[in-house]
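Me: Hey, I've just opened this one and don't know my way around yet. Can you walk me through a few spots?

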Amino acid sequence: MFHRIQVVSGSQGTGGRTKRRLPLLAFITLLLAMAVLFAGCQKPRTPAEELIAAMKKSSDFDTFEIAGSSSLNMEFQSGDPQDQTINQLLSNITLDLLQKCDKKTLRYQLDLKLLYKGENCGTLTLYADLEKIILQTPFLGPKQFFFSWEDSPALTTQYLNGIQIHIADYLPLIFDEGLATFKQIQEAAYPAYAKFLAERVTVSPEKTRITLTEKGEEKTYTCKEYILRYKYDETLQKDYSEFFVAILENETVRGLLKERIASFVEIAKNNGDLATWEWSEEEIMAFSGELDANLDQLVETLVEQYMSLSTSSSAGQIEMDQRISVDNSGLIRASVANQTIQLKEENAGLNAMVSTSMEMQWLNFGEELTFIELDPAKAFDAGKASEEEWAAIIEEVKINFLGQLLINPLFHEIMNLANMGN
C-alpha cells in the first residue's frame, strides 16, 4: 500500500492535480460524514407525530368529502324474546352520512340516510353557508325549508323578549376566509393532542389497501394503518382533562378569544344589537379583561368534573378500538372505530353489551364539489312566512309525515315490537 502511494506521489504530472483535489475530496467526505451523523442523531418520528402530520395535511385542502356509515348492536344476556327482538331490530339499522366542505366559499352540507335491512327509511339534507341554511327531508314534504340569516333580527326580537341579534354579522368572526381561525386553534391544539395520543397509537406491520369511489371512478390506495385503543379508566379521564386544560391555557387560544370578544362588541354596537341586550359594553369588556381568571376557574371546574367521572362505577366498562389508514402521500383515507359498552344494573335486572361501529372515508381532496341548490319553486321561507303560511305548512307536514310513516318498513317493525310488548 505504501509502495503505491510513493509511486503516485512521485509523478509530478499527477501530483499537482492530486494536491488540488484533496481539499475537494475532504469537503465531500466531511459532508457525507455529517449527513450520516445527523441522521443517526435525529429523533425518529413517533406514530402519534406521524398521525398528527396526516391530520394537518388532510385539513389543509380547501375542499373534501367524508362518507361514513354507523351501526349499533345490543346483546341482552337474557332469554326474553322481546329483548332479542330489540337486538335484531337495532342490529339491522344503519345510518349513512356524507359531509361536504368548501373552505373557499364557506359552504357545508350534510346528507343523512337511514337504512333498515338495506331499505331506505328516510333521508335528510342540511346545507349552510354565510347567507342561509336549508333543510330538506321527505318527512316534511317535497319543499325545502330555508332560513336567511338576515331575517334573524326580527325573529329574535319577537321570540327573545326584544333581544335583537344580527346572526349574519357575527358569522365571519368564526367562519372567516379560509377558516383561518379554526386553523389557528387546530395548530394550538395539535401539541396537546400529540401528547394525548403518544402512548395510545401503534402502527400495524401490515399495509392496508383502501378502495374509494371518487368522481365515479374506483381508486385504490396503499395505506399505513394506525391503531388507537382507548379504555375509559382513570388514566384516560386524567389525560382528557390535561388535553382540554392545555387548550384552554394556550396563549394563542386565549388571545383569539379576546380579539373575537372585542370585535363582537364593536359589531353589536354598530348594528344596534348591543342596545337591546342586558349587558353593557363595559360589562362585556370587563369580562374580557378578566378572561384569564375566568378560564382558570373553568379549568379547575373541568378537572373536578373529570376526576368525579373517573371514580364512577361505569369507568373501565367502555372500550374503543380505532384504525386510521393514511396513504403514501400522507393523507387520511379511512377510519374504522368500534366501541363496546357493558351495561350491568343488578337492581334493574339489566345485563347487556352495546356495540357501535363507525366507518369513515375521506374523498375528493381539492376537487370541485356539488352542493344542493335552493329551488324557489319548492322553497318555504321560514324567516319571512306569515302566520297563515305557517299554519298551512304545518298541516301539510302533518299529513305528509303520517303518510311517510305508513309506508316506512322501520316504523312497521317498531309497531310490531310495541304490539308484542302489549
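Reply: Sure, here are some notes on a few residues and one helix. This is a predicted model, where local features need pLDDT of at least 70, side-chain atom pairs count only at pLDDT 80 or more, and totals for chains, interfaces and linings use all residues. Residues are numbered from 1 along each chain as its sequence is written, and side-chain values use heavy atoms, leaving out hydrogens and water.

Me: Okay, is Arg254 buried or exposed?
Reply: Arg254 is buried, at 5% relative accessible area (buried is under 20%, exposed over 50%, partly exposed in between, with a 1.4 Å probe and protein chains only). Arg254 sits in helix α9, residues 251-270 (helices are DSSP runs of H or I, at least four residues; strands are E, at least two; both numbered from the N terminus).

Me: What does its side chain make a polar contact with?
Reply: The side chain of Asp296, at 2.8 Å. A polar contact is a pair of N or O atoms within 3.5 Å; within protein, one must be able to donate a hydrogen and the other to accept it, and residues adjacent in sequence count only if both atoms are side-chain atoms.

Me: Switching topic: which residues of α5 are buried?
Reply: Ser152, Pro153 and Thr156. They're on the same side of α5, because they cover an arc of only 95° around the axis (taken from the directions from the helix axis to the C-beta atoms).

Me: And what's on the face turned away?
Reply: The exposed residues Ala154, Gln158 and Tyr159.

Me: Where is Lys215?
Reply: In the loop between β8 (208-214) and β9 (217-231). Its phi is positive, near 55°.
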